[in-house]
Amino acid sequence: MEHIVGFYVVLDKAWRSPFKLQSNFSRKSALYVATCATLGFISNQFDEDVFIDKWAITPEGRDYKETLDEILGEITGGE
């Protein structure tokens, strides 16, 4: 459960408000940030040749976040 929540928090933050690569949040969540980036769920690539200093959610990350929304909803009995 801890890992599901960890991934969800990173994806939700990247979706709502992309966060700096070297922010305190990035450091404290390093395992989940690194894993999400490796799996292509977040990226700092803004355009084909343009990279920025923030992590943002990718289309694949949005899909995975939706899956996590469903899982967490079932676990917590939410809607």
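**View 1. Aspartate 12 as a buried residue in a salt-bridge network.** In this predicted model, aspartate 12 counts as buried, since its relative accessibility is 14% (buried means under 20% relative accessible area, exposed over 50% and partly exposed in between, with a 1.4 Å probe and protein chains only). Its side chain meets that of lysine 65 in a salt bridge, with an N to O distance of 3.6 Å (the term requires a side-chain nitrogen of Lys or Arg within 4 Å of a carboxyl oxygen of Asp or Glu). Because lysine 65 belongs to helix α4 and aspartate 12 to helix α1, this pair ties together parts that lie 53 residues apart in sequence. Helices (H or I, at least four residues) and strands (E, at least two) are DSSP runs, numbered from the N terminus.

Residues are numbered from 1 along each chain as its sequence is written, and side-chain values use heavy atoms, leaving out hydrogens and water. As the model is predicted, local features need pLDDT of at least 70 and side-chain atom pairs count only at pLDDT 80 or more, whereas totals for chains, interfaces and linings use all residues.

**View 2. Lysine 65 and its second partner, aspartate 69.** Lysine 65 also counts as buried, at 8% relative accessibility, and it forms a salt bridge with aspartate 69, where the closest N and O atoms are 3.4 Å apart. Both of these residues lie in helix α4, four residues apart, which is about one turn of the helix. Aspartate 69, by contrast with buried lysine 65, is partly exposed, its relative accessible area being 32%. Together with Asp12 and Arg16, Lys65 and Asp69 are linked in a network of salt bridges, and the structure holds four salt bridges.

**View 3. A salt bridge between strands β1 and β3.** Lysine 20 and aspartate 53 form a salt bridge in which the closest N and O atoms are 2.7 Å apart. Lysine 20 is part of strand β1 and aspartate 53 is part of strand β3, so this pair ties together parts 33 residues apart in sequence. Lysine 20 counts as partly exposed, with 42% relative accessibility, and aspartate 53 counts as partly exposed as well, with 40%.

**View 4. The antiparallel sheet and its hairpin.** An open sheet is formed by three strands in the order β1-β3-β2, with antiparallel pairing (two strands pair if DSSP finds at least two bridges between them). Its edge strands, each pairing on one side only, are β1 (19-20) and β2 (42-47). Strand β3 covers residues 50-57 and pairs with β2 in the antiparallel sense over four bridges, and a hairpin of two residues joins β2 to β3. Among the bridge partners in β3, isoleucine 57 is the partner of isoleucine 42, and alanine 56 is the partner of serine 43.

**View 5. The surroundings of valine 10.** Valine 10 lies in helix α1 and counts as buried, at 0% relative accessibility. Leaving aside residues up to four places away in sequence, valine 10 touches Phe19, Phe25, Ser29, Tyr32, Val33, Cys36 and Ile42 (contact means heavy atoms within 4.5 Å). The C-alpha atom of valine 10 is separated by 9.6 Å from that of lysine 65, although the two residues are 55 residues apart along the chain.
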